[in-house]
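Got the viewer open? Then let's take a walk through this one together, one selection at a time.

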Amino acid sequence: MKKFVILGGGYGGLTIALNMLEKDLPEDTLLVLIDRSPFQGLKTEYYALASGTIAETHIRVAYPNDPRLLLTFGEVSSVDLNNKQILFEDQEPLSYDWLVIGLGCVDSYHGIVGAKEYSSSIQTLCQTRATYQRINDIAPYGQVSIIGGGLSGVEMAAELRESRADLNIRLIDRGPSLLSAFPSNLQQYVREWMTEHHIELRPQVSLVRLDGGDLYNGDEIIKTDATIWTAGIQPNPIVEALNVPKDRQGRILLNEYHQIPEYQEVFVVGDCASLPFSPSAQAAQAQGKQIAEAMLSIWKGDTPRLGKIKLRGTLGSLGKKAGFGIMGKRTLMTGKIARVLKSGVLWKSKRHFG
């Protein structure tokens, strides 16, 4: 049997599997999905799990149960593109005929000394569980500092305020305003919400070192009981180790079919792929759908015809009762409607509706 292997069961990888299973696969081909977990975790909701406002079962999504799909669980150590093999930490290598790399991302610490050692993460389910425990252990009136004023940092701060009214919460960013990628009036709405809910905003802080509960902003020492890192991402180290052309962010450069040009049996999806827009669950799902279309066309002997990926917008939450978003290029929304829309997106994701 030939093997089409999907490495990573996140938003992109799972979308590819679902779209392929809807079609007639070649009889001599087995679909293989590899992940470290026996279910997908909805990563866009990890901030809520870390805050303690939802249970882990709320963001688990079961993988498909289909005889054409082989589920394999394990910790991947490397990919050998020349020999078409996936190497694991604790099991025999797996060969492939076609491969999708969808290994996601890790935190980027921007060279800041002590950042990895003295901060908590919400990048993986395992790290998020540890962050939840760390927050739970903070005594009443303790201080939590969230590093990074982007979407993840804002949602983390807001959800934590809903979970722990007793805590002092601080949102630190090196820029002049949080949510710098969003329109100014939406930034203003979120700043006002944060102020109203007693979340301290510290813009234009350039951290140089973390040492336990001390955050060094030049000569200033900012005291904290716990630090949560949401200040940027970079591709998985396994992707970093691959000797293929990459962009300035370390993401793999691809052709129009999302293949590595030098290894056209290999596709790349999600945070590891160099795309003309920022990494997101929505982008990974859209790209995953196109990869499935391309591979099915190749199997039929046809030339793939892929359109341009169009993203519908971005939604963010401010606790369970408010939110914000931008749809298309111009339509802004704030308040309850935006939050309801985000809940609807989560509902669809849990049921494999995209």
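Before the first selection, a word on the annotation we'll use: UniProt positions appear here in the numbering used for this model, with feature names shortened, and annotations may be inferred rather than shown by experiment. Keep in mind too that you're looking at a predicted model.

**Stop 1: the annotated domain**

Select residues 3-288. UniProt, in an unreviewed entry, lists this stretch as "domain: FAD/NAD(P)-binding". Colour by secondary structure and you'll find 25% helix and 28% strand over residues 3-288. Now pick the C-alpha atoms at the two ends of that stretch: they sit 18 Å apart.

**Stop 2: helix H1**

Go to residues 11-21, which make up helix H1. How many of the eleven residues of H1 are buried? Ten of them are, so the helix is largely enclosed by the rest of the structure. To see them, show Tyr 11, Gly 12, Gly 13, Leu 14, Thr 15, Ile 16, Ala 17, Asn 19, Met 20 and Leu 21, the buried residues of H1.

**Stop 3: helix H4, one face in**

Next, select residues 125-136, helix H4. Here's a quick ruler check: at 1.5 Å a residue, its twelve residues should span 16 Å, and the end C-alpha atoms are 17 Å apart, which agrees. Now show Leu 125, Thr 128, Thr 131 and Ile 135, which are buried. Turn the view until you look down the axis of H4: its buried residues fall within an arc of 110 degrees, so they line one face of the helix. The general rule behind this is that an α-helix has 3.6 residues a turn, so residues three or four places apart point the same way. What covers the buried residues of H4? Among the elements to switch on are helix H2 (46-51), helix H5 (151-163) and strand S17 (226-229).

**Stop 4: Glu 162 on helix H5**

Stay with H5 and pick Glu 162, which belongs to that helix. Is Glu 162 buried or exposed? Neither, quite: at 39% relative accessibility, Glu 162 counts as partly exposed. Leave aside its neighbours within four places in sequence, and Glu 162 is in contact with Gly 319 and Lys 320. For a distance to try, the C-alpha atoms of Glu 162 and Ile 146 are 15 Å apart, with their positions 16 residues apart along the chain.

**Stop 5: a three-stranded sheet, S14-S15-S16**

Now for some strands. S14, S15 and S16 form an open sheet in that order, with antiparallel pairing. S14 (207-211) and S16 (220-223) stand at the edges with a single partner strand each, so one side of each has no neighbour in the sheet. On average, neighbouring strands here are turned by 25 degrees against each other, direction ignored.

Zoom in on the pairings. Four bridges join S14 to S15 (residues 214-217), and Leu 210 has Leu 215 as its bridge partner in S15. Another four bridges join S15 to S16, where Asp 214 stands opposite Lys 223. In the hairpin of S15 and S16, two residues lie between the strands, and Gly 218 takes a positive phi near 65 degrees.

**Stop 6: a second sheet, S21-S22-S23**

Another open sheet of three strands runs in the order S21-S22-S23, again with antiparallel pairing. Its edges are S21 (313-318) and S23 (331-335); each has a single partner strand, so one side of each is left without a neighbour in the sheet. The twist averages 5 degrees from one strand to the next. S21 and S22 (residues 322-327) pair over six bridges, and Thr 314 stands opposite Ile 326 in S22. Then add residues 184-196: this is helix H6, which lies across S21, S22 and S23 and runs at about 170 degrees to S22.

**Stop 7: two buried residues to finish**

Pick Ile 238 in helix H7 (residues 237-240). Ile 238 is buried, with a relative accessible area of 13%. Beyond its neighbours within four places in sequence, Ile 238 is in contact with Val 76, Ser 77, Ser 78, Val 79 and Leu 103. Ile 101 is 137 residues away along the chain, yet its C-alpha atom is 9.8 Å from that of Ile 238.

Last, select Gln 290 in helix H8 (residues 281-299). Gln 290 is buried too, with a relative accessible area of 10%. Its contacts, again leaving aside neighbours within four places in sequence, are His 258, Leu 306, Gly 307, Lys 308 and Ile 309.

Definitions and conventions: Residues numbered from 1 in each chain as written. Predicted model: local features only at pLDDT ≥ 70, side-chain atom pairs only at ≥ 80, totals over all residues. Heavy atoms only, no water. Buried < 20%, exposed > 50% of the residue type's maximum accessible area, 1.4 Å probe, protein only. Contact = heavy atoms within 4.5 Å. Pairing = 2+ DSSP bridges. Axes fitted to C-alpha atoms, helices over the stretch in contact; angles between N-to-C directions. Expected span 1.5 Å × (residues − 1). Arc of directions from axis to C-beta.
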